[in-house]
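Student: Could we go through this structure together? I would like to begin with the charged residues and then turn to the core and the loops.

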Amino acid sequence: MDRNQEIALTQMRKSIEKLGSSTESYGEKTLMRFLIARSMNPEKAAKMFCQWKKWRAEMVPLGYIPDSEVADESAAEKVYLQGLSKNGYPVAIIKLNKHFASKDQVQFKKFVVHALDKTIASSFNGSEIGNEKLIGILDLQNITYSNVDTRGLITGFQFLQAYYPERLATCYILHMPKFFVTVWQFICRFIDKATQQKMRIIMSEEQKQEFIREVGEDVVPTEYGGRAELVLLQDVVVNY
């Protein structure tokens, strides 16, 4: 860590204290994610950190969301957790053709948090370092208009950027149909530039091969050109 980062961290801690909160039990790597997300501005990073702590306390009082609280969403079998990529990032796959807009928005939001927390937790044994990242794969193959949940997609991405800063390494989007292009352009209005820059829409065979190389054949499922079998999120056991 360079001198400028150390100064920014010190200023951020002081700003957090002024806001009536504390950084106790949170290491430098966790705090740095908030600083990076706010362009190394200590005051803005402190505000984001305090909002995140308040949100976690309300949304995830146990520190994780139990399977029992998201049973209906899990039953759709739309999220898969594939192990670690070549760079050591956990790989989560979302099959959008198995998703339909939820009538229970509270449970849906809990499921988003449940899936993100479980994906991150699958990347470490024992204790969290604080700077763990993840790879997301959004598979749009065989989707119809009934699967297009604009509100749900916006919620997912906004949760990711507001409450999981600097957690996303890359999000690959596969099999995007023509009718979804306009939908995606609308969704992007609600996604910040930093997150958009981590999106990779796979269109050509060359891009597909690059995607397989980057993620790793042993992790990419056979249906996408790799050698792995799909593993349902609920079949993966993690220690939070």
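Tutor: Lys95 is a good place to begin: at 9% relative accessibility, Lys95 counts as buried. Please keep in mind that this is a predicted model.

Student: Which residue forms a salt bridge with Lys95, with the closest N and O atoms 2.7 Å apart?

Tutor: That residue is Glu223. Lys95 lies in strand E2 and Glu223 in the segment after helix H9 (205-215), so the pair ties together parts that are 128 residues apart in sequence.

Student: Is Glu223 buried, partly exposed or exposed?

Tutor: Glu223 counts as partly exposed, because its relative accessibility is 40%.

Student: What else does Lys95 form a salt bridge with?

Tutor: Lys95 also forms one with Asp139, where the closest N and O atoms are 3.4 Å apart. Lys95 belongs to strand E2 (residues 90-95) and Asp139 to strand E3, so this pair joins parts 44 residues apart in sequence. Asp139 is buried, at a relative accessible area of 3%. Lys95, Asp139 and Glu223 are thus linked in a network of salt bridges.

Student: How many salt bridges are there in the model?

Tutor: The count comes to 15. One of them joins the side chains of Glu58 and Lys54, at 2.9 Å from N to O.

Student: Where do Glu58 and Lys54 sit relative to each other?

Tutor: Both are in helix H3, and because they are four residues apart, about one helical turn separates them. Glu58 is exposed, at 55% relative accessibility, and Lys54 is exposed too, with a relative accessible area of 54%.

Student: Turning to the nonpolar core, which members of the largest one touch the most other members?

Tutor: They are Met12, Val113, Leu140, Phe180, Trp184 and Ile187, in a core of 57 residues. In general, nonpolar side chains in soluble globular proteins tend to be buried together.

Student: What does Leu140 touch, beyond residues up to four places away in sequence?

Tutor: Leu140 touches Leu96, Ile173, Leu174, His175, Met176, Pro177 and Phe180. Another core, of 16 residues, lies apart from the largest one, and Ile135, Ile137, Val219 and Tyr224 are among its members.

Student: What about nonpolar residues on the surface?

Tutor: Leu62, Tyr64 and Tyr240 make a nonpolar surface patch of about 320 Å². Leu62 is in the loop between helix H3 (42-59) and helix H4 (71-75), and Leu62 is exposed, with a relative accessible area of 55%.

Student: Now the loops. Is Gly130 buried or exposed?

Tutor: Gly130 is buried, with a relative accessible area of 1%. Its place is in the loop between helix H5 (105-121) and strand E3 (134-139). Since buried means under 20% relative accessible area, the value for Gly130 meets that limit.

Student: Which residues are in contact with Gly130, leaving aside its neighbours within four places in sequence?

Tutor: Those are Lys29, Thr30, Arg33 and Arg167. As for Met48, which is 82 residues from Gly130 along the chain, the two C-alpha atoms are separated by 16 Å.

Student: And what can be said about Ser123?

Tutor: Ser123 is placed in the loop between H5 and E3. A polar atom of the Ser123 side chain lies 2.6 Å from the backbone oxygen of Ile120. Apart from neighbours within four places in sequence, Ser123 is in contact with Leu84, Pro90 and Glu132.

Conventions
Residues are numbered from 1 along each chain as its sequence is written. This is a predicted model: local features need pLDDT of at least 70, side-chain atom pairs count only at pLDDT 80 or more; totals for chains, interfaces and linings use all residues. Side-chain values use heavy atoms; hydrogens and water are left out. A nonpolar core is a set of buried Ala, Val, Leu, Ile, Met, Phe, Trp, Tyr and Cys residues joined through side-chain atoms within 4.5 Å. Buried means under 20% relative accessible area, exposed over 50%, partly exposed in between (1.4 Å probe, protein chains only). Contact means heavy atoms within 4.5 Å. Patches are made of residues with over 30% relative accessible area and no salt bridge: like charges are joined within 9 Å, nonpolar side chains (Val, Leu, Ile, Met, Phe, Trp, Tyr) within 5 Å. Accessible areas come from the Shrake-Rupley method with a 1.4 Å probe; for residues, only the protein chains shown count as cover. A salt bridge is a side-chain nitrogen of Lys or Arg within 4 Å of a carboxyl oxygen of Asp or Glu. Helices (H or I, at least four residues) and strands (E, at least two) are DSSP runs, numbered from the N terminus. A polar contact is a pair of N or O atoms within 3.5 Å; within protein, one must be able to donate a hydrogen and the other to accept it, and residues adjacent in sequence count only if both atoms are side-chain atoms.
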